[in-house]
Amino acid sequence: MERTRAEVDATLQTAKLDAAELLPAAHCLRFGPAATGDVCLLELEPALCAQLRAGRSLVIRGDKDEQAVLCSEDKTYDLKVADTSNMLLFIPGCKIPEQLKMEETHCNIIHTEIFGFTNNYWELRRCRPKLKKLKKLLMENTYEGPDSEKEKDSSHLKYTTEDLLDQIQASEEEIMTQLRVLNACEIGGYWRILEFDYEMKLLNHITQLVDSESWSFSKVPLNTCLQELGPLEPEEMIEHCLKCYGKKYTEEDKICRATAQMLLQNAVKFNLAEFHEVWQQSVPEGMTTRPDQLKGLALVDRQSRPEIIFLLKAEDLPEGDQERFNSLFSLREKWTEEDIAPYIQDLCGEKLTIGALLTKYARSSMQNGVKVYNSRRPIS
């Protein structure tokens with residue numbers, strides 16, 4: 001039954017509302033026969049709305065045991081349900097007051113059918129991409145060279161770009177960026193990480209050639225390098241290694257860093273003074289090793305006598321904020337900001353600084369005139 005104007009006016013009178021203070025048009029709502037509560041609302045920021053209108057897609061990623069995330073082409077968002085005390089109604093074609101004011105209405109009644117309802121909606125919050133799993137998957141089957149026995153066995157797991165997009169909770173751009181960070185390469189359509197010893201073998205071939213030809217490390221001729229080393233290793237592997245370590249202005253730091261990792265991974269702990277001496281002797285002539293090249297790769301224990309250094313890679317630490325700090329404080333009770341910063345830098349977001357992270361997860365104190373940080377909660 002549709003309401004009449006007289007019934008509407010009577011309802012206003014019962015509610016003690018003055019019709020003169022209201023818009024003349026009245027919406028009379030009723031639930032349609034197909035109305036259902038099995039609907040979802042998703043709150044989007046303007047930029048994401050614009051992407052959808054432009055024909056781009058958003059995708060929800062996550063296994064059954066993972067918290068779902070929503071990904072655009074270049075960003076990742078946590079999906080969380082937000083409850084509301086008001087019932088939210090789906091009313092196609094419903095006109096809001098601003099629209100009604102622009103129309104000439106004379107005490108008319110608009111009969112409107114409700115097609116759906118809900119009392120919650122999905123809220124998006126920008127989050128860091130969950131990329132720890134990416135390295136874990138690729139490390140299941142590292143590439144040891146074309147002649148390795150493992151390459152002859154097709155049973156080992158391999159992952160295409162589509163496989164990674166299906167399993168990693170991150171946007172495509174974030175995944176591709178991380179693949180570059182991991183020095184991964186596409187071999188036969190599958191993404192692979194070079195086994196470290198094989199990578200060092202390739203790098204050693206290159207540095208020896210550069211040294212024997214008296215080339216400058218700032219300008220290595222690609223074609224000549226491929227021709228000379230092609231008989232030893234596949235050209236695509238030589239070129240990949242050059243791209244990983246041969247970026248302008250940074251190739252020296254990356255080579256020095258890789259050499260340090262090679263030395264440290266073969267020793268549990270290394271006398272600091274001896275390490276610096278061996279490290280400098282191990283890099284190509286003309287390169288200079290520096291402590292800042294070890295940030296996020298190695299940690300120095302200055303309390304021991306003599307001082308020692310050991311391998312501690314930031315990429316191997318837990319992905320979650322609290323788990324990361326728990327791991328670090330389990331390793332060392334007190335940290336200076338200089339020491340801990342490389343290991344929490346990747347936890348910083350667009351508005352979160354290292355200082356803010358330390359304030360949230362650590363408490364500060366002075367030790368011998370130096371500010372140090374320890375955990376806010378007991379570490380078992």
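These numbered points go through the pocket, the cavity, the cysteines and several single residues of this predicted model.

1. **Largest pocket.** The largest pocket holds about 2000 Å³ of space. Its lining counts 49 residues. Closest to the pocket centre are Gln-178, Val-181, Ala-314, Glu-315 and Asp-346. Two strands and four helices are listed as giving two or more residues to this lining: strand E5 (76-90), strand E6 (109-126), helix H4 (132-138), helix H7 (172-181), helix H8 (196-212) and helix H11 (251-264).

2. **Character of the pocket lining.** How do the lining residues of the largest pocket divide into nonpolar, polar and charged? Charged residues number 22, nonpolar residues 17 and polar residues ten. Among the residues closest to the centre, Glu-315 and Asp-346 belong to the charged class.

3. **Cavity.** The structure has one cavity of 30 Å³ or more. The volume of the largest cavity is about 30 Å³. Its lining is made of Leu-137, Leu-138, Asn-141, Leu-157, Lys-158, Tyr-159, Trp-191 and Arg-192. H4 and strand E8 (190-192) each give two or more residues to that lining. By class, the cavity lining has five nonpolar residues, one polar and two charged. H4 is listed for the pocket lining and also for the cavity lining.

4. **Cysteines.** There are zero disulfides in the structure. Take Cys-71: the nearest cysteine sulfur belongs to Cys-127 and is 7.6 Å away. Cys-71 is also buried, at a relative accessible area of 1%.

5. **Cys-244.** Why is the sulfur of Cys-244 not bonded to the closest cysteine sulfur? The partner would be Cys-241, but the two sulfurs are 6.4 Å apart, so the distance is too far for a bond. The cut-off for a disulfide is 2.5 Å between the sulfur atoms. Cys-244 counts as buried, with 7% relative accessibility.

6. **His-240.** This residue sits in helix H10 (residues 235-245). Its relative accessible area is 12%, which means that His-240 is buried. A polar atom of the His-240 side chain lies 2.9 Å from the backbone oxygen of Asn-183. Leaving out residues up to four places away in sequence, His-240 touches Asn-183, Ala-184, Cys-185 and Leu-194. Asn-183 therefore appears both as a contact and as the residue whose backbone oxygen lies within the 3.5 Å cut-off for a polar contact.

7. **Lys-334.** Where does Lys-334 lie? It is in the loop between helix H13 (321-331) and strand E12 (335-336). Lys-334 is partly exposed, at 34% relative accessibility. Its C-alpha is 4.8 Å from that of Asn-374, although the two residues are 40 apart in sequence. Beyond four places in sequence, Lys-334 touches Gln-367, Val-372, Tyr-373 and Asn-374.

8. **Helix H14.** Which residues of helix H14 (residues 337-344) are buried? They are Ile-340, Ala-341, Tyr-343 and Ile-344. These buried residues pack against E10, H13, E12 and helix H15 (354-361). H13 and E12 are also the elements that flank the loop of Lys-334.

9. **Ser-304.** Ser-304 is in the loop between strand E10 (298-301) and strand E11 (308-311). Buried or exposed? Ser-304 has a relative accessible area of 18% and is buried. The limit for buried is under 20%. The Ser-304 side chain reaches the backbone oxygen of Asp-301 at 3.1 Å.

10. **Arg-302.** Arg-302 also lies in the loop between E10 and E11. Whereas Ser-304 is buried, Arg-302 is partly exposed, with a relative accessible area of 46%. Outside the stretch up to four places away in sequence, Arg-302 touches Leu-272 and Glu-307. With Glu-307, the side chains are joined by a polar contact of 3.5 Å. Leu-272 is 30 residues from Arg-302 in sequence, and their C-alpha atoms are 9.3 Å apart.

Conventions
Residues numbered from 1 in each chain as written. Predicted model: local features only at pLDDT ≥ 70, side-chain atom pairs only at ≥ 80, totals over all residues. Heavy atoms only, no water. 1 Å grid on protein atoms, 1.4 Å probe; cavity = no way out; pocket = protein on both sides within 12 Å on 5 of 7 lines; lining within 4 Å. Points joined across faces, edges and corners; volume = space filled by probe spheres on them. Buried < 20%, exposed > 50% of the residue type's maximum accessible area, 1.4 Å probe, protein only. Polar contact = N/O pair within 3.5 Å; in protein donor to acceptor, adjacent residues only side chain to side chain. Contact = heavy atoms within 4.5 Å.
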